[in-house]
Amino acid sequence: MPVVVEKLIAAKPFLKWAGGKGQLLAEIDRRLPAGLKTGEVDTYVEPFVGGGAVFFHIAQNYDKIKRFYLLDINEDLVNCYKAVKKDVGLLVRELLSLQDKFLAIQRPKRKDFYLNIRKRFNTEKVAHFNTKTAAKLIFLNKTCFNGLYRVNRKGEFNVPFGDYKSPRICAAKNLQIVSEILQIAKIICADFTHSETYIDNHTFVYLDPPYRPLSPTASFTSYSKEDFNPEDQIRLARFCRQIHSKGAKFLLSNSDPKNENPTDRFFQDHYKEFTIDTVKAARLINCKASGRGQINELLITNY
Ligand SMILES: C[S@@+](CC[C@H](N)C(=O)[O-])C[C@H]1O[C@@H](n2cnc3c(N)ncnc32)[C@H](O)[C@@H]1O
């Protein structure tokens with residue numbers, strides 16, 4: 001129905017997330033397997049969902065897919081997705097209340113409010129992560145420095161205050177539409193290998209793992225207590241060969257290590273039986289100006 005389609009087109013990620021794929025959507029869409037349109041592919045699996053830009057795109061543009069499985073190892077993120085899915089009414093009310101209180105405070109004093117919510121979020125998430133905790137995470141994501149997610153060794157969210165003039169904290173309409181879309185998705189907190197259970201020869205798997213660090217000092221892959229280390233990258237390459245042998249189609253994105261080290265052959269060696277395309281992307285995640293500008297990203301497919 002046109003009304004539904006119009007509503008669906010608006011949905012976009014409700015969290016800003018490092019590595020968000022919004023700007024690569026056109027390049028990714030161009031490389032999606034034809035089976036997504038014909039119905040030969042009826043299942044979508046995303047083992048590193050993050051902000052979910054590719055999921056939202058596919059869920060709204062490919063109606064032959066009947067099952068969606070979204071996984072991430074970050075418990076806070078997964079709990080937040082579950083709250084949006086199951087309890088969007090209360091979530092929006094909570095977030096609107098946080099937004100009203102925050103914006104009513106004079107700008108120099110907002111930092112105290114932010115730090116107080118951050119402290120309560122960290123206590124609450126250990127005791128019992130509920131819808132109100134999810135509202136706090138969205139609030140923190142919109143008001144912290146650069147929309148980053150980072151935790152200390154104890155697992156406490158520790159990103160400093162962002163001090164933006166008038167951040168959009170509660171996008172109520174988007175949250176409601178996202179919630180509708182999530183009704184067809186199973187959301188799971190687990191290591192990426194767990195997704196194998198859901199994968200068969202009618203599945204498309206989109207993988208966007210934490211990047212191999214661009215430079216030895218780059219530390220933004222610390223999404224959760226478990227860092228994604230070089231062995232994990234090797235484990236992932238093995239996993240891709242495994243799902244390939246099951247007959248699934250996959251597309252994997254990563255930054256090109258040749259951006260920093262032209263002799264690095266990690267992907268050429270570990271993904272040699274697959275197609276490796278290089279595309280340009282704007283890299284804005286690095287807070288140093290020297291880390292900005294255009295860099296190459298890799299899109300690897302097995303079809
Ligand atoms: C680059 S981000 C994904 C970005 C996402 N494509 C987007 O558009 O926002 C990588 C995600 O992988 C998750 N992650 C890290 N290690 C993982 C693991 N072993 N298994 C599953 N997810 C993991 C992180 O929590 C993070 O959300």
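Which helix and which strand each supply at least two residues of the shell around the ligand? Helix 4 (53–61) and strand 2 (67–72) do. Bear in mind that this is a predicted model. Strand 2 also belongs to an open sheet of 7 strands, and several helix pairs are worth a look too. Here's the tour.

**Around the ligand**
- There are 24 residues around the ligand, and G19, F48, G50, G51 and D208 come nearest.
- By class, the shell around the ligand splits into 13 nonpolar, 6 polar and 5 charged residues.

**The sheet**
- Reading across the open sheet, the strand order is 3-2-1-4-5-7-6, with mixed pairing.
- Strand 3 (185–189) and strand 6 (275–282) sit at the edges, each pairing on one side only.
- On average, neighbouring strands in this sheet are turned by 15 degrees against each other, ignoring direction.
- Helix 5 (residues 75–86) packs on the sheet, where it touches strand 2 and strand 3. The direction of helix 5 makes about 155 degrees with that of strand 3.

**Strand by strand**
- Strand 4 (residues 203–207) runs parallel to strand 5 (residues 249–255), and 4 bridges pair them. Look for L207, which stands opposite L252 in strand 5.
- Strand 5 is antiparallel to strand 7 (residues 294–301), with 5 bridges joining the two. Here S255 has E297 of strand 7 as its bridge partner.
- Strand 7 also pairs with strand 6, again in the antiparallel sense, over 8 bridges. T278 finds its bridge partner in L298 of strand 7.

**Helix 5 against helix 9**
- Besides packing on the sheet, helix 5 packs against helix 9 (residues 172–182) at an angle of about 95 degrees, with the axes 7 Å apart. That angle is why helix 5 counts as roughly perpendicular to helix 9.
- On the helix 5 side, the contact uses Y81, V84 and K85, which meet L175, V178, S179 and L182 of helix 9.
- This contact of helix 5 with helix 9 divides into 5 nonpolar, 1 polar and 1 charged residue.

**Helix 8 and helix 6**
- Helix 6 (residues 88–104) and helix 8 (residues 131–143) have axes that come within 9 Å and cross at roughly 45 degrees. So helix 6 is oblique to helix 8, and their crossing is right-handed.
- From helix 6, L90, L91, E94, L95, L98 and F102 make the contact; from helix 8, the residues are T131, K132, A134, A135, I138, F139 and T143.
- Sorted by class, the contact of helix 6 with helix 8 comes to 9 nonpolar, 2 polar and 2 charged residues.

**Helix 8 and helix 7**
- Helix 7 (residues 110–127) packs with helix 8 at about 140 degrees, and their axes are 10 Å apart. These two helices are therefore oblique to each other, and helix 7 passes helix 8 in a left-handed crossing.
- Helix 7 brings Y114, I117, R118, R120, F121, E124 and K125 to this contact, while helix 8 brings T133, K136, L137, F139, L140 and T143.
- The class split for helix 7 with helix 8 is 6 nonpolar, 2 polar and 5 charged residues.
- F139 and T143 of helix 8 turn up in the contact with helix 6 and also in the contact with helix 7.

How values were computed. Residues are numbered from 1 along each chain as its sequence is written. This is a predicted model: local features need pLDDT of at least 70, side-chain atom pairs count only at pLDDT 80 or more; totals for chains, interfaces and linings use all residues. Axes are lines fitted to C-alpha atoms, for helices over the stretch in contact, and angles run from 0 to 180 degrees between N-to-C directions. Angles under 35 degrees count as roughly parallel, over 145 as roughly antiparallel, 65 to 115 as roughly perpendicular and the rest as oblique. A crossing is left-handed if the near helix is turned anticlockwise from the far one by less than a right angle, and right-handed if clockwise. Two residues are in contact if their C-beta atoms, placed from the backbone, lie within 7 Å. Ala, Val, Leu, Ile, Met, Phe, Trp, Tyr, Cys and Pro count as nonpolar, Asp, Glu, Lys and Arg as charged, and the others, Gly among them, as polar. A residue is near a molecule or strand if its C-beta atom, placed from the backbone, lies within 6 Å of it. Two strands pair if DSSP finds at least two bridges between them.
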